[in-house]
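Student: Hi! Could you walk me through this structure?
Tutor: Sure, here it is.

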Amino acid sequence: MESSPLDFVAQACMDLTDAMSSVASEADRDSLIINHIKKVYSIVTPIDDFKKDLEWVNVSEQISLSQHCADKVVVLDFWTYCCINCYHVLPDLAHLENIYSVENGLVVIGVHCAKFSNEKDSANILAAVQRYNIHHPVVNDADSLFWDALGIRCWPTLLVLGPGNKPMFILTGEGHRRELVWYVGAAIRHFGSRVSTASLPISPSNYIKSKDNEVLYFPSKVALNPFYRGRPEEPFLAISDTGHHRVLLTDCSGVILRIIGGPDPGFKDGKLNEAKLDSPQGVCWLSSTVLAVCDTNNHAVRTVHLDDGTVEVLVGTGQQASTGDLGGKWLGLQALSSPWDAVLYTTPDMDMSVRPQLPPPPPPPLDQNASAEPKDEVKDKDKKDEKRRVLLIACAGSHQIWALFLDNTIWWKYKSFTEGTCVCIAGSGVEAARNSAYPNTAAFAQPSGLTLRTGTNPEIFIADSESSSIRRLALATGQVSTLCGGDRNPLNLFAFGDVDDIGVEAKFQHPLGVAYCDNNKTLYVADTYNHKVKKVEIGPQKVTTMNPTMIETTDPAKFNEPSGLSASNDGKYLYIADTNNHSIKILNLAKNVCQEFKVRLPDPKFTEPENLILYKNDLFVNRKCGNLIIYFNVSLDSETKNVKFTPGAPQNWHVCIRDDNNKDVTLDDFEFVACSFKGTKLPGRVEMKLKQRTDKTHYRLYLSFQTALCDAAVCFSHSFTIRSTILVRESVKLVESYKITCKVNPVNRSDKTEQNKT
């Protein structure tokens with residue numbers, strides 16, 4: 001490997017780390033750091049500035065190291081947004097920026113150097129910056145020219161510059177929060193008055209965020225409720241609304257029934273509206289009333305109990321597990337590392353899963369007075385056949401598959417685990433794509449999606465995102481193999497592309513989601529960075545792109561980094577978390593057509609308006625886009641001699657039309673011809689037309705008034721509403737016209753209506 005201009009700095013940093021390991025006091029540590037700064041700073045030369053044609057995020061103008069940062073301490077974070085280790089560094093940078101601001105002399109700049117071709121697109125970087133809540137400047141080093149010039153070799157790398165843009169410290173990998181704070185703090189103190197307090201042209205890029213009225217913000221995973229039976233208020237779909245740090249439960253039409261967590265990140269148990277999550281990912285139904293949630297940034301799995309409306313930690317401490325931790329602790333005592341997805345597996349004890357069972361001994365002579373099978377043996381057999389629940393967890397941060405045993409279970413190779421134990425069951429922790437018959441020597445590369453295939457040879461399929469492959473883990477033996485994608489070389493994590501083919505010849509680009517449908521024996525893959533959904537025939541290992549069209553327009557469906565999938569049990573529909581489009585889509589698998597699953601808050605509960613006048617006669621409109629014209633006026637009852645309409649004041653009115661579900665469809669089902677649905681003058685006229693042919697049989701019309709009146713002493717308002725029924729028929733004229741006059745008595749409320757058909 002060629003030498004790097006930073007090799008001297010790297011070696012000096014290694015020497016500094018060794019020296020600091022033997023000091024006991026803070027003063028001695030600071031002295032070592034200052035001496036390191038003096039030594040390195042006197043030898044190294046400034047690094048070159050950024051090229052002027054690079055694209056930036058979170059700035060109002062391009063940042064120049066020589067112009068804006070010459071008198072600053074600068075931390076350059078070399079990252080790529082697919083990388084889980086880079087993801088783990090972001091909280092450390094945020095912590096550092098909370099201690100030292102730009103005005104204190106610190107500038108943090110993210111230098112985005114793409115691994116995947118999809119990550120070179122600045123629009124996708126913008127979305128990642130917003131999704132990860134990054135506020136410091138980010139430059140898109142799309143062709144890695146800055147990376148190559150400095151000899152950077154891995155993600156993430158943190159390079160700390162002193163005034164004059166001279167490199168002082170270099171840190172590779174994650175887990176350097178303490179050192180980062182020590183080094184930056186010592187540098188700011190050492191250079192003192194040389195460090196500028198000037199501000200920078202930083203401008204967070206909020207324009208990538210979805211519209212304020214959109215419910216979803218970077219939804220990442222979905223899970224259909226396998227226990228759904230169509231009962232009222234029973235959740236149909238669980239959605240990880242990751243950007244809002246919450247989970248949504250909807251009915252089959254998309255109406256939100258429950259909201260768990262949000263809108264701000266946190267780590268808190270309690271009632272559904274009080275609990276806090278941080279960038280949740282995978283969701284998994286444990287029962288009809290219990291949902292498991294991968295609370296990714298809190299490095300925990302939480303459970304949502306719908307029967308009592310509470311959230312609690314199932315496993316995880318809230319802190320990232322240390323490297324090499326293979327588990328074995330109980331529930332909330334066991335740390336995890338970025339759990340990304342989970343799936344529930346039920347199995348009998350696997351005490352004979354490794355070696356074949358010996359043939360049974362010949363039966364003893366049957367005692368005519370004894371039962372054919374002793375009761376104790378029957379009891380033991382029932383106990384052996386009883387299903388044990390195991391929650392399988394994809395820990396992307398440690399590149400492993402873990403298991404939380406929800407019941408006492410005998411696992412592979414006669415290992416016995418007590419209820420509540422959480423352990424690593426596959427993956428050495430090394431980031432690679434190594435297959436093995438021995439699960440703990442196999443290796444994964446950021447496993448991010450799980451799905452279960454049951455049957456005589458149960459297995460889970462794994463979206464192994466950084467190797468761009470689909471892996472499989474046999475649940476009877478623990479053998480790990482590759483189904484499709486990736487490369488035969490387990491160390492080649494750059495074998496990505498967009499190729500439909502067989503097995504390893506097929507290519508994906510950072511797939512994040514998988515869903516297996518037992519009904520049609522097909523695996524579906526969210527090929528995230530190719531913006532596609534693909535299907536895999538398990539036997540021949542054949543990969544095919546779906547290429548659906550939108551049902552509304554027949555245009556090709558355009559996904560944007562889809563991350564999560566869930567297939568219906570009948571094999572008819574696939575629900576897709578279309579992450580960067582901030583939406584959920586439904587794919588009809590038989591017809592290969594796609595439509596939006598409109599997630600929305602429930603309409604406010606409708607109550608009839610006060611002072612309601614029931615209209616005696618029905619109105620009619622033709623089903624085939626007929627027109628309905630209403631002329632209306634308000635007059636005062638003769639008993640109210642001293643009351644008059646206030647001259648010059650607005651006489652407000654508006655039309656509201658509701659269907660038989662009490663939904664306001666005024667503007668959804670009708671268009672108003674050369675008029676509005678509201679006004680300020682009387683008499684009034686509205687002409688409305690059905691937008692399209694409808695199967696609805698009737699609507700309710702509400703014509704509401706707020707009149708301004710005066711008598712000899714005071715001015716006041718009088719409000720009332722006329723309600724009528726609009727019947728939808730084919731036998732009526734294409735244009736129906738009515739005249740409605742209402743006499744009002746604001747004194748004794750004896751309002752009356754008259755109607756004439758014209």
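Tutor: We'll talk about a pair of helices and then some unusual backbone spots. This is a predicted model, where local features need pLDDT of at least 70, side-chain atom pairs count only at pLDDT 80 or more, and totals for chains, interfaces and linings use all residues. Residues are numbered from 1 along each chain as its sequence is written, and side-chain values use heavy atoms, leaving out hydrogens and water.

Student: Cool. At what angle do H1 and H2 cross?
Tutor: The axes of H1 (residues 7–20) and H2 (residues 26–41) cross at roughly 165° and come within 10 Å. Axes are lines fitted to C-alpha atoms, for helices over the stretch in contact, with angles from 0 to 180 degrees between N-to-C directions. Helices here are DSSP runs (H or I, at least four residues), and strands are too (E, at least two), numbered from the N terminus.

Student: Is H1 roughly parallel or antiparallel to H2?
Tutor: That angle makes H1 roughly antiparallel to H2, a label for angles over 145 degrees.

Student: Which residues of H1 meet H2?
Tutor: Phe8, Val9, Ala12, Cys13, Leu16, Ala19 and Met20 do, with contact meaning heavy atoms within 4.5 Å. Their partners in H2 include Leu32, Ile33 and Val40.

Student: New topic: where is the cis bond to Pro156?
Tutor: The cis peptide bond joins Trp155 and Pro156, with omega about -15°. Pro156 sits in the loop between helix H6 (145–150) and strand E5 (157–162). Another cis peptide bond joins Gly262 and Pro263, with omega about -5°.

Student: And what is phi of His299?
Tutor: Phi of His299 is near 50°, a positive value in a residue other than glycine. Most residues other than glycine have a negative phi.

Definitions and conventions
Parallel < 35°, antiparallel > 145°, perpendicular 65-115°, else oblique.
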